[in-house]
Amino acid sequence: MKLSRIIANTGEWLSGSGPHDQIVVSSRVRLARNLKGKPFPGWAKKAERVAVLDEIRSAVEGLPEMENSFSERLEDLSPLEKQVLMERHLISREHAARGAGSAVVMNPEQTLSFMINEEDHLRMQAIRAGLQLEEVYAMINRTDSELEETLDFAFHDELGYLTACPTNVGTGMRASAMMHLPGLVMSEQVNKIINSVNKIGLAVRGLHGEGTEAMGNLFQVSNQTTLGETEEEIIARLNRVIAQILEHEQNARQILLQQRAETLLDQIGRAYGILCHAHSITSKEALNLLSFIKMGVDLSLFPSKSRLQVDELFIETQPAHLQKGLHAAKMGAEERDSLRAALIRAKLKQMPEPEIGKIPTNGFGNDSPATGENP
Amino acid sequence: MFCDVCKSKEATVFLTQIIEGKMQKVNLCEGCSKEKGVNDPTGFALADLLLGLGAAQEIEKNPAGIRCPVCGFSQADFKKTGRLGCSACYDTFAEGLSGMLKNMHRGLVHTGKVPARLAVSRVRNQELSKLREELDRAVTAEQFEEAAGLRDRIRTLENEGREAEPAPNRVAELAEGEAEPLVPKPRQKP
């Protein structure tokens, strides 16, 4: 399969639906695995990396669920193409920085992706829409079991799966949920929650993982520890915390609606106004304003069929996605900002104009996917 | 503000480094900054920043100058990169790693998934180390009758292991063979 086909289609995790998908954008589980007796990628010589790459790549491509997969060596991808994959969370920032001896393989639905020779020999992930970590783990676990029939993974009787970094040893699993938390940000509760989550061995991070800023009120909640608990125990612990954050977010939105409805409508209205009329906008500003529009959709101020268009804009306005169709040389920041503004204006024009004048009687309701238009 | 390392003295050295595009800030007191070699920025252990302060010190609990026999990785390399060289490094640097892992994780023993082909031998190895401990205890307590029994069980298990070990494929077959009854065979219609 060609990369252009992957890029042209929105991934299942964005367009699909899942439990609580108004607040939990996606669920993701990745497993780190290494081949026995082979130096880890960061320490291996180029020839060793290439040998590992060939062995793992053919095993992955041979999986029944990877029929019609996209598979490419990173040296054959342009910087822009790598960045597109990164913006879709299909490869990590670290992997995008790699060249010779690394590769990426993914299925057409973009629910399974394999990074070969990232920090570990193999990092495989499954990603789906909404809150469904158990299902996502089951998916990647099945793939792992199939792969271990042909690949000899490094496993220690006491320490479990061995990884290049001791922080991943044991299960080698990182499970995470991407959450949209404008209510907690607006009511200034989010830092309190981040701090308390960090205290119990889980992490809250920005949009693109470790060390990145929280933009568009999007936060990733994930496990920090990988040794001493089973995969199921880690996921159960994570699920309990996510359920609590979800409840806090719902409460925060409800309180905003009851006590500060004017502020809420003002923010959504202003966001819509700026996005409809801006002629230059940075990706950070765009994401932050789109977050309010997304909340407006949750509030039924916008018709529910606009949901996918709004969600897509979160990805489509990212720097590499903006330029993906253009074969011109890499654009400068100013050029991108005006192209981004034009794209948003055009997309919002297609949507029916919202009525941001009155407080919706049904509020946020519950967060199950809305079934119809404003009742 | 207290020093991030000793947490008792006032921090006077404020270090900001950009590593892989991420900004890292560390506050240190004078004594700790000298010890960590902050005056020489290249000497500052990346391992500390990536894995938490003290990680570089933990790894030094291993005998000095030790190198991994499989991949040639050294403690100095770990201090520099914060990553290990190969899977055998976990045994080579076991002493220093265990203190580090204790601070990082919720336990020191993996309780999760085990590759099917290793499930049989892993159970045997765990049983063996338990029996060996019991044997030591029995010998120390001069309970020789019990010790003899334990020794025989250890021998039996060791022999089983030797039969299985040299042919990894056989272990895989064994594991598969055990799993077979769980898969329902397609029933033929009469």
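Begin by selecting A:S27 and then look across to strand 5 of chain A, where the bridge partner of A:S27 is A:R128. Strands here, like helices, are DSSP runs numbered from the N terminus, with at least two residues (E) for a strand and at least four (H or I) for a helix. Widen the selection to strand 1 (residues 24-33) and strand 5 (residues 122-129) of chain A, which run antiparallel and are joined by eight bridges. This is a predicted model, in which local features need pLDDT of at least 70 and side-chain atom pairs count only at pLDDT 80 or more, while totals for chains, interfaces and linings use all residues. To find your way, note that residues are numbered from 1 along each chain as its sequence is written, that chains are lettered from A and ligands numbered from 1 in the order in which they are written, and that side-chain values use heavy atoms, with hydrogens and water left out.

**The sheet of chain A**

Next, select the strands of the open sheet in chain A, which number eight and follow the order 2-3-4-5-1-8-10-9 with antiparallel pairing; two strands pair if DSSP finds at least two bridges between them. At the edges lie strand 2 (70-73) and strand 9 (202-205) of chain A, each of which pairs on one side only. From one strand to the next, the twist averages 15°.

Now add helix 3 (residues 46-61) of chain A, which packs on the sheet and touches strand 2, strand 3 (103-106), strand 4 (112-116) and strand 5 of chain A, where contact means heavy atoms within 4.5 Å. The direction of helix 3 makes about 5° with that of strand 3 of chain A; such angles run from 0 to 180 degrees between N-to-C directions, and axes are lines fitted to C-alpha atoms, for helices over the stretch in contact. Helix 9 (residues 231-259) of chain A also packs on the sheet, touching strand 1, strand 8 (173-180), strand 9 and strand 10 (218-223) of chain A, and its direction makes about 10° with that of strand 8 of chain A.

**Helix pairs in chain A**

Keep helix 9 of chain A selected and add helix 6 (residues 133-147) of chain A, for the two pack at an angle of about 150° with their axes 10 Å apart. That angle makes helix 6 of chain A roughly antiparallel to helix 9 of chain A, a term for angles over 145 degrees. Their contact is made by A:L133, A:E134 and A:Y137 of helix 6 together with A:E231, A:E232, A:I235, A:L238, A:N239 and A:I242 of helix 9 of chain A.

Move on to helix 11 (residues 283-298) and helix 12 (residues 307-316) of chain A, whose axes come within 10 Å and cross at roughly 160°. Helix 11 of chain A is thereby roughly antiparallel to helix 12 of chain A. Among the residues making this contact are A:L287 and A:L290 of helix 11 and A:V310 and A:F314 of helix 12 of chain A.

From helix 12 of chain A, go to helix 14 (residues 333-350) of chain A, where the axes of the two helices come within 11 Å and cross at roughly 175°. These two helices of chain A are therefore roughly antiparallel to each other. Here A:Q309, A:E312, A:L313 and A:E316 in helix 12 meet A:L343, A:I344, A:K347, A:L348 and A:Q350 in helix 14 of chain A.

**Confidence**

Finally, colour by pLDDT, the predictor's confidence in each residue, from 0 to 100. Chain A averages 89, and 93% of the residues score at least 70, but pLDDT stays under 50 over residues 368-375 of chain A. Chain B has a mean pLDDT of 74, with 65% of its residues reaching 70 or more. In chain B, confidence is lowest in helix 9 (residues 168-179), at a mean of 41, and highest in helix 5 (residues 89-92), at 92. Where pLDDT is low, the predicted coordinates should not be read in detail.

Key: Angles under 35 degrees count as roughly parallel, over 145 as roughly antiparallel, 65 to 115 as roughly perpendicular and the rest as oblique.
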